[in-house]
Amino acid sequence: MSVFELPDFDAHEAVVHVCDAASGLKAIIAIHNTRRGPAMGGSRMWRYADSTEAATDALRLSRGMTYKNAMANLPIGGGKAVIIGDARSQKTPELFRALGRAVESLGGRYITAEDVGTAPADMHHVRETTRYVAGLSGELGGQGDPSPATALGVFVGLGAAARHRLGADSVKGLHVAIQGLGHVGFDLARQLHEAGARLTVTDIDRGVCLAAAEAFGASVVAPEEIVDVEADVFAPCALGASLNPLTLPRLKCRVVAGAANNQLATDDIGDRLRDAGILYAPDYVINAGGIIKVCAEYFGESPHSVEGRVRAIADTLADVFARADKDGIATNRAADELARQKLA
Ligand code: NAD
């Protein structure tokens, strides 16, 4: 089946299939939209069952990057690369050099970075064969891990959502339930604790839970219990699809605001959250801090300019909430509409 027939095809500008027999690279690069600038989005390495599954992911993720980058007011479009393979056993420097050659051949229409299954060390090999790569470590002129910027964006975005739904001037005294204490979740917990919020946390890694209990006085619950916690805010910071038909009826919060990508299992879950009186901060708006930082790095802007832009996520979310209220629609649908306007 051609990509044109796949359900997730959405007028993507280009979908390039890449094969390098010498290194074993099989990848698909999808460029969704370059109206605002070159397409930027990471390279994901995953054990896709077949090329249709990989192409579907590339189509879906690259479109998501277009919307995310537009809502963050960045001068870039949306793209994504997916590498078909096992990140635990099939990574080699030559594979990433081959990916770099493919990216270079696109002449700057697509800029890559790290994503699930790839790391800054892999991007260093990509950098050997293309200049169109971002998300590098300090030694290569990059600004390092984007997670703290993502956590800051989620922190200010959570504050904006609490203001809108709970009338809270700050997060002080709010009870926040955090699912996932990784690079973003743990830093978010720190910021919330310092701002006076009360925390209940979970992670499948018991060690980070104990660390959060000790450092932030957080209560710890089992991973399967976090959606049942009676909190003001639920912050999904682990994997995607944590808001689904099974978890939705169990939620006892008034706000959902977290870092995870693809939090809604399907778009209609956003409608159901609205019906339940729960304000949802659309994931690709609230978690844009990392791409804001990576984009600034790529265009050689000072790290100091990043913080103000990340803090502006709060204003963007306030616009989304106002639009949703005005039109009587779910916040995820309001965000999609605003993103499409920015692309028009
Ligand atoms: P991470 O891998 O560092 O952390 C994820 C954490 O979630 C880990 O500690 C893991 O043990 C935990 N986890 C996994 N399954 C869980 C479960 N069922 N219940 C509870 N905890 C579970 O990832 P991260 O960089 O912190 O990113 C978190 C989320 O935010 C991801 O969805 C990611 O795609 C998204 N995101 C991250 C960034 C960034 O800058 N890192 C930017 C945008 C979006």
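When I say contact today, I mean heavy atoms within 4.5 Å. Hi everyone, and one reminder before we look around: this is a predicted model.

Let's start with the annotated stretch. The unreviewed UniProt entry puts a "binding site" feature at G180, L181, G182, H183, V184 and G185. I'd like to take two neighbours from that list, H183 and V184.

Both belong to helix α5: H183 sits in this helix, which covers residues 183-194, and V184 is part of helix α5 too. So is H183 buried or exposed? H183 is exposed, because its relative accessibility is 64% and the exposed class begins over 50%. V184 has a relative accessible area of 16%, and since buried means under 20%, V184 counts as buried.

Now, what do they touch, once residues up to four places away in sequence are set aside? For H183, the contacts are D145 and S147. V184 touches S147 as well, along with T150, A151 and A259.

Let's move on to the nonpolar interior. The largest core holds 91 residues, and the members touching the most others are V176, I178, L192 and L199. Helix α4, residues 147-166, supplies the largest share of this core, with 10 residues. Domain 1 and domain 2 each give the core at least three residues.

I178 is a nice one to click on. Beyond its sequence neighbours, I178 touches a list of residues including L188, L192, L199 and I226, and also G185, which is one of the annotated positions.

Finally, there is a second, separate core of 17 residues, and I226 is among them, together with L243, L248 and L264. Thanks, everyone!

Definitions and conventions: Residues are numbered from 1 along each chain as its sequence is written. This is a predicted model: local features need pLDDT of at least 70, side-chain atom pairs count only at pLDDT 80 or more; totals for chains, interfaces and linings use all residues. Side-chain values use heavy atoms; hydrogens and water are left out. UniProt positions are given in the numbering used here, feature names are shortened, and annotations may be inferred rather than shown by experiment. Helices (H or I, at least four residues) and strands (E, at least two) are DSSP runs, numbered from the N terminus. Buried means under 20% relative accessible area, exposed over 50%, partly exposed in between (1.4 Å probe, protein chains only). A nonpolar core is a set of buried Ala, Val, Leu, Ile, Met, Phe, Trp, Tyr and Cys residues joined through side-chain atoms within 4.5 Å. Domain bounds come from an automatic or database domain assignment.
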